[in-house]
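Please open the model in your viewer and keep a selection tool at hand. The stops below follow one another, and each gives a selection to make and then what is found there.

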Amino acid sequence: MQNQPEPPLRQNTTSARDDPLEKVARVALESAVVIFSKTTCCMCHAMKTLLYEMGVNMRVYELDEDPRGNEIERALEIISSSNDVPIVFIGGKLVGSMDRVITCLINGKLVPLLKDAGALWL
């Protein structure tokens, strides 16, 4: 009987580029401010309006407009320990959901965070 070659090991077909956690990390670093949002979410609208009114240039990633948005949303839940949107990153670092951003605003920490990230020029 002739020796037959062993079948190749099954390779992982998910590349780092396809991994939702990697995608969140990559998108978070692409702009000074990134908001993971949903188009139908009133809190997301309020967050976008707040930052826009402050003069912040931001990247808005609409989860409900991405075919893989549910996977990205689950990755955000892992990263932020929250299942709420919006989720905000400033300078590539997780700030959190609406309550954390508003807390930073009230405590006077939001503007310095935005300035340090290069997102606000006051």
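**A tour by selection**

Colour the chain by secondary structure, and five helices and four strands appear; the model is a predicted one. Following the chain from the N terminus, the elements come in the order α-β-α-β-α-β-β-α-α. If you then colour by relative accessibility, buried residues account for 35% of the 122 residues in the chain.

**Helix α2**

Select residues 42–53, which form helix α2. This helix has 12 residues, and the distance from its first C-alpha to its last is 16 Å, close to the 16 Å expected at 1.5 Å a residue. Show the side chains of Cys44, Met47, Lys48 and Leu51, which are buried in α2. Their arc around the axis is only 95°, so they lie on the same side of α2. The general background is that an α-helix has 3.6 residues a turn, so residues three or four places apart point the same way. Now turn the view to the face of α2 that points away from its buried side, where Cys42, His45 and Glu53 are exposed.

**From α2 to the loop before β3**

Keep Cys44 selected and add aspartate 84: the two are 40 residues apart in sequence, while their C-alpha atoms are 9.7 Å apart in space. Aspartate 84 belongs to the loop between α3 and β3, and it counts as partly exposed because its relative accessibility is 42%, a value between the cut-offs of 20% and 50%.

Stay in this loop and select serine 81, which is also found between α3 and β3. Its phi is positive, about 55°, although serine 81 is not a glycine. Is this residue buried or exposed? Serine 81 counts as exposed, because its relative accessibility is 70%.

The next selection in the loop between α3 and β3 is proline 86. Display the backbone here, where a cis peptide bond with an omega of about 5° joins valine 85 and proline 86.

**Strand β3 and its partners**

Extend the selection to residues 87–90, which make up strand β3. Ile87 and Phe89 point one way from this strand, Val88 and Ile90 point the other way, and all are buried.

Add strand β1, residues 33–37, which runs antiparallel to β3 and is joined to it by four bridges. To see one of the paired positions, select isoleucine 35 together with valine 88, its bridge partner in β3. Then add strand β4, residues 93–96, which pairs with β3 in the antiparallel sense over three bridges. Here phenylalanine 89 has leucine 94 of β4 as its bridge partner. Between the strands of the hairpin formed by β3 and β4 there are two residues, and in this hairpin glycine 91 takes a positive phi near 60°.

**A nonpolar patch on the surface**

Keep leucine 94 in view and switch on the surface, adding Leu21, Ile78 and Ile79: with Leu94, these residues make a nonpolar surface patch of about 320 Å². Isoleucine 79 comes from helix α3, which spans residues 69–80. How is isoleucine 79 classed by its relative accessible area? Isoleucine 79 is partly exposed, because its relative accessible area is 35%. The tour can end with this patch, in which Leu94, the bridge partner of phenylalanine 89, is found together with Ile79.

How values were computed:
Residues numbered from 1 in each chain as written. Predicted model: local features only at pLDDT ≥ 70, side-chain atom pairs only at ≥ 80, totals over all residues. Heavy atoms only, no water. Patch = residues over 30% accessible without salt bridge, like charges linked within 9 Å, V, L, I, M, F, W, Y side chains within 5 Å. Areas by Shrake-Rupley, 256 points an atom, 1.4 Å probe, with all protein chains shown as cover. Salt bridge = Lys/Arg side-chain N within 4 Å of Asp/Glu carboxyl O. Buried < 20%, exposed > 50% of the residue type's maximum accessible area, 1.4 Å probe, protein only. Pairing = 2+ DSSP bridges. Expected span 1.5 Å × (residues − 1). Arc of directions from axis to C-beta.
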